Every structure is written in C-alpha cells, then in structure tokens.
Amino acid sequence: MSSQFENAVNDFLAQIGQSIFRIDILNRVWKAFMAFCMCIIAEAFRQRGYTITPKNCANGFIFKCFPAGDPDNYSYFTVEKGSERYEIRLNIDAQNFQYNSLRLNLDVAVIRANSLGFNKIVDSQNDLITFAECKNLRGFPELVATLEGIVYELQRARLRPNSLANFRIPCCLLLSGSGRSILYMDRRFQKRNMSIRIFESLQPGSLAVISFIRNWF
Amino acid sequence: MTEEDFRRICRKFADKLGPTFIERVERRIKEDFEKALEKSPKELLIAIIEDIHLRFILPFEMSLQIGAYLAELYDIKDCILALSERHYLYLSERQEEIRRFVDSFYRMVRELGLEEQFKKQEERWWKI
C-alpha cells in the first residue's frame with residue numbers, strides 16, 4: 001500500500017503531461033515571469049503617484065512574451081504624472097541610432113509615450129526611460145555581463161559613476177531565483193551611484209517584491 | 001522517510017520528466033544523477049523540487065497573481081500570455097486548474113517534510 005507522501009507525489013505527477021501542464025507548455029511557462037515583472041514595474045510607478053492605464057486590452061490583457069510580432073497588437077500600460085508620459089511594454093526592440101548600436105530586444109521597457117517609430121524600434125538614446133531584463137533563474141555572473149553589454153549598446157552613459165543623476169530610474173536585472181553569487185555587483189553599482197540595479201528572489205508574495213516596488217527608484 | 005524512500009521518489013520524478021530534466025538537475029547539483037542518488041538522495045530530491053518550483057510552479061503562481069492584480073486594480077477579467085505569435089495561454093479560463101496544480105505541489109512538499117524550504121507566499125504586493 002502506498003504511503004501518504006507517495007500518494008501526494010503521484011497526485012502531483014499525474015497532472016504533468018495533461019491539459020495545460022503538457023511538457024511543451026511547462027517548458028515555456030517561465031515567460032510568465034516577464035508578465036509578472038511588467039506588473040510589478042507598473043505597480044512601482046502607481047505607488048509613486050503615477051496614473052496607470054492598461055491599453056489594447058479590449059479582449060483581455062495580452063502579454064507579449066516573445067520577441068517577434070508587432071508590439072501594437074499586444075497590451076501595454078501607459079504611465080502619467082504631470083508632464084511625464086511613458087509606456088511600459090514587453091519585448092520591444094531598442095537601438096541607439098546615434099551610435100548605430102546593435103538592435104536589442106528588451107524584456108520590459110519603459111519608453112516615452114508614442115515613441116515607437118514606424119519600424120517599431122525605440123531610440124534608446126532619446127526615448128528609452130529604463131528597462132529590465134527578467135530571468136526566471138538563479139543569478140550567475142554571465143547575466144550581469146550580459147546586462148552591462150546591453151547597457152553599453154543602448155545607454156552607455158549609465159555605466160559611468162554617478163549616472164543616477166542623469167538616469168533617474170535604474171535599468172535592472174530581475175531574478176526570480178537567488179542572486180547570492182552576484183549581489184556584490186549590485187552593491188558596487190550602488191556605491192558608485194550608477195543607474196543599474198539587480199533584484200533577486202522576486203517571487204509572488206515575497207518581501208523581495210515589496211522591496212523592489214519601494215526601493216527601485 | 002528512509003533513504004530508500006527518497007531514492008524511489010527521485011526515480012519517479014526522473015521517469016516522468018525525462019533526460020532533459022535530469023541534465024538540468026545535474027547542472028544544478030554539479031554531480032551525476034546516479035551518484036547523487038546513491039550518496040545523498042534527500043539532497044537530490046530537494047534539488048529536483050527546487051527546479052520544479054522555480055521553473056513550473058512559480059510561473060503559474062505568478063500568473064494567478066497577475067490575474068488577480070489586473071482584475072482588482074484595472075477590472076480586467078481576462079489575461080493571456082502570448083508565448084509566440086500563434087500560441088496563447090488563456091490564464092483566466094484556467095485559473096482553477098492552475099490553482100489545483102499549485103496546491104498539489106505544496107501538498108506534496110508538505111507530505112515530504114520539505115515545507116520549510118518551499119513556503120507558499122500569498123502576500124498581495126499591490127495592497128501593501
């Protein structure tokens with residue numbers, strides 16, 4: 001006869017492979033982390049007195065969790081306070097036209113309102129307010145190097161000491177897992193007053209999420 | 001639970017989730033699956049459950065919270081993850097199913113005596 005723990009394991013495993021818990025979906029459901037990050041970013045603005053309005057959601061809020069596709073076919077948030085008018089978008093392309101940089105796809109981007117050009121690329125020099133790279137992983141050093149590489153291509157002035165004076169809202173690496181092995185880099189960014197941050201353990205309901213919302217900018 | 005129990009449970013996961021999953025767990029523990037199974041089956045089981053928690057359970061929990069957030073603050077009833085141009089995951093229609101899946105995970109963790117490592121957190125960050 002099976003023990004209670006064995007029954008519990010069997011019950012859990014029996015669901016895998018069925019319905020929306022098929023392996024092909026399980027292997028892609030991590031993308032919900034990007035949608036989650038988009039929401040906590042919207043919430044960070046809301047709690048600072050910005051007005052948030054969901055757009056393009058007549059048939060439900062459709063999170064664009066993949067790089068291809070026209071961003072205007074998916075939902076996004078607008079963010080407004082006084083003269084500040086931004087959009088929070090998922091998976092849009094950005095390029096620094098002044099430096100003819102690489103064109104890079106950003107997981108979450110906060111851009112100036114109506115700044116997506118006809119080619120659906122945001123000009124990172126002029127219109128990218130901030131961005132977040134979202135990894136449903138534990139942190140490891142290569143992720144920081146990748147973030148710094150993206151910053152170098154798109155907004156290299158963020159890499160200078162005291163860049164926070166010019167870029168009020170830090171771009172960030174958002175991790176769902178532990179960032180223990182790389183958090184010393186976050187301390188270094190803060191010590192140098194750089195507009196780059198790393199946030200770890202962003203899991204539903206965790207204190208880390210509340211801390212991100214309160215302390216991001 | 002005995003060491004043999006832990007081994008049997010580890011094998012169940014490996015059989016169900018296949019070689020790609022095992023390779024990922026091996027990268028996580030930096031050790032061969034069979035060796036870890038022999039040497040420290042409880043630690044191996046924790047590594048397996050950590051991987052499942054991070055990759056499968058948390059994203060579903062996030063999707064439940066996203067649905068609640070959009071409904072409570074913006075009165076949006078339907079939320080959809082577009083995983084690719086043609087592959088949409090309709091979260092709102094699946095909430096009960098997702099909740100059952102997540103609950104069964106935490107029930108399993110409790111029965112295995114691992115609830116300290118994998119606590120369900122339900123704080124609503126938009127209400128703080």
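How many bridges join strand β2 of chain A to β1(B), and do the two strands run parallel or antiparallel? In this predicted model, strand β2, which covers residues 61–64 of chain A, is joined to β1(B) by 4 bridges, and the strands run parallel. One of the pairings can be followed by name, since Phe61(A) has Cys79(B) in β1(B) as its bridge partner.

That pairing leads to the wider meeting of the chains, in which 44 residues of chain B are in contact with 47 residues of chain A. On the side of chain B that touches chain A, at least two residues each are supplied by α1 (3–29), α3 (41–74), β1 (79–82) and α4 (95–111) of chain B, and the largest share, 14 residues, comes from α3(B). By character, the residues on this side of chain B divide into 26 nonpolar, 12 charged and 6 polar.

Of these elements, α4(B) can be looked at in more detail: it has 17 residues and reaches 24 Å from its first C-alpha to its last, close to the 24 Å expected at 1.5 Å a residue. Within α4(B), the residues Ile98(B), Phe101(B), Phe105(B), Met108(B) and Val109(B) are buried, and, seen down the helix axis, the buried residues of α4(B) fall within an arc of 105°, so they line one face of the helix. What covers these buried residues includes α3 of chain B together with α1 (4–15) of chain A. The face of α4(B) turned away from the buried side, by contrast, carries the exposed residues Glu96(B), Arg100(B) and Asp103(B). Just after α4(B), Gly113(B) takes a positive phi of about 75°.

Technical notes. Residues are numbered from 1 along each chain as its sequence is written. Chains are lettered from A and ligands numbered from 1 in the order in which they are written. This is a predicted model: local features need pLDDT of at least 70, side-chain atom pairs count only at pLDDT 80 or more; totals for chains, interfaces and linings use all residues. Two residues are in contact if their C-beta atoms, placed from the backbone, lie within 7 Å. Ala, Val, Leu, Ile, Met, Phe, Trp, Tyr, Cys and Pro count as nonpolar, Asp, Glu, Lys and Arg as charged, and the others, Gly among them, as polar. Two strands pair if DSSP finds at least two bridges between them. The expected span of a helix is 1.5 Å times one less than its number of residues. A residue is buried if 20 or more other C-beta atoms lie within 10 Å of its own, exposed if 12 or fewer, and partly exposed in between; C-beta atoms are placed from the backbone. The arc is that of the directions from the helix axis to the C-beta atoms.
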